[in-house]
Amino acid sequence: MIKLITFVSYVDSLDWKDSATPESICNRVTSKVKNGSIVLFHNDADHTPAALPNILKTLKEQGYEFVFIEDLILKDNYEIKHDGMQVKKDG
């Protein structure tokens with residue numbers, strides 16, 4: 001059963017930093033992710049491809065499911081505030 005939440009947070013992998021390694025990226029993401037998180041990766045980051053298999057494996061072992069972003073966004077009668085909060089529309 002997938003729980004719907006009204007707040008979507010994001011985790012920045014910091015994979016773009018010069019000091020990033022596959023291990024540091026994996027540790028950062030897996031320690032900060034929570035239900036409903038969107039993880040930010042960058043296309044041109046050097047170590048992201050090496051980090052992803054461990055990230056996916058670890059999160060799957062922790063019981064997370066991977067969904068499309070449109071499955072996280074509440075559409076009917078909700079709006080997204082400037083801080084990322086999804087709230088019911090008034091009225």
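Which residue forms a salt bridge with K57, and how far apart are the closest N and O atoms? Keep that one in mind while you get oriented; the tour comes back to it on helix 2. One caution before you start clicking: this is a predicted model.

**Stop 1: the whole chain**

Show the cartoon first. You should find two helices and four strands, and from the N terminus on they run β-α-β-α-β-β. Switch on a surface: the accessible area comes to about 6,800 Å², with 53% of it belonging to carbon and sulfur atoms. Of the 91 residues in the chain, 24% are buried. If you draw a contact map, look away from the diagonal: among contacts between residues at least 6 apart in sequence, 61% join residues at least 24 apart.

**Stop 2: the nonpolar core**

Now select V11, A20, I25, C26, V29, V33, A51, I55 and L59 and show their side chains. These nine residues form the largest nonpolar core. Helix 1 (22-32) and helix 2 (48-61) each supply at least two of its residues. As background, nonpolar side chains tend to be buried together in soluble globular proteins.

Zoom in on A20, one of the core residues. Leaving out residues up to four places away in sequence, A20 touches L14, D15, I25 and H47.

**Stop 3: helix 1**

Select 22-32 and look down the axis. I25, C26, V29 and T30 are the buried ones here. They cover an arc of only 110° around the axis, so they sit on the same side of helix 1. Turn to the face pointing away from that buried side and you'll meet the exposed residues E23, N27 and S31.

What do the buried residues of helix 1 pack against? Add strand 1 (10-12), strand 2 (38-40) and helix 2 to your selection: those are the partners.

**Stop 4: D12 and H42**

Pick D12 in strand 1. Is D12 buried or exposed? Its relative accessible area is 17%, so D12 counts as buried. Beyond its sequence neighbours up to four places away, D12 touches R28, L40 and H42. You can also draw a C-alpha distance from D12 to K32: they are 20 residues apart along the chain and separated by 9.0 Å.

Follow the contact from D12 to H42. H42 lies in the loop between strand 2 and helix 2 and, at 26% relative accessibility, counts as partly exposed. With residues up to four places away set aside, the contacts of H42 are D12, D15, W16 and T48. For another distance label, try the C-alpha atoms of H42 and L14: 8.6 Å, for a pair 28 residues apart along the chain.

**Stop 5: helix 2 and the salt bridge**

Select 48-61. At 1.5 Å a residue, the 14 residues of helix 2 should span 20 Å, and the end C-alpha atoms are indeed 20 Å apart. The buried residues of helix 2 are T48, A51, I55 and L59. Their arc around the axis is only 60°, which puts them on the same side of helix 2. This buried set packs against helix 1. Rotate to the other side and P49, K60 and E61 are exposed.

Back to the opening question: the partner of K57 is E61, with the closest N and O atoms 3.1 Å apart. The structure holds one salt bridge, so there is no need to hunt for others. E61 and K57 are four residues apart in helix 2, and therefore separated by about one helical turn. In general, an α-helix has 3.6 residues a turn, so residues three or four places apart point the same way. E61 counts as exposed at 58% relative accessibility, while K57, at 48%, counts as partly exposed.

**Stop 6: positive phi**

Finish with the backbone. Most residues other than glycine have a negative phi. Which way does phi go at L14? L14 has a positive value, near 55°, and is not a glycine; select the loop between strand 1 and helix 1 to find it.

N77 has a positive phi too, about 65°, although N77 is not a glycine. Look for N77 in the loop between helix 2 and strand 3 (78-80), where it is partly exposed at 38% relative accessible area.

Last click: G63, which follows helix 2 and has a positive phi near 95°.

Conventions:
Residues numbered from 1 in each chain as written. Predicted model: local features only at pLDDT ≥ 70, side-chain atom pairs only at ≥ 80, totals over all residues. Heavy atoms only, no water. Core = buried A, V, L, I, M, F, W, Y, C linked by side-chain atoms within 4.5 Å. Buried < 20%, exposed > 50% of the residue type's maximum accessible area, 1.4 Å probe, protein only. Contact = heavy atoms within 4.5 Å. Arc of directions from axis to C-beta. Areas by Shrake-Rupley, 256 points an atom, 1.4 Å probe, with all protein chains shown as cover. Salt bridge = Lys/Arg side-chain N within 4 Å of Asp/Glu carboxyl O. Expected span 1.5 Å × (residues − 1).
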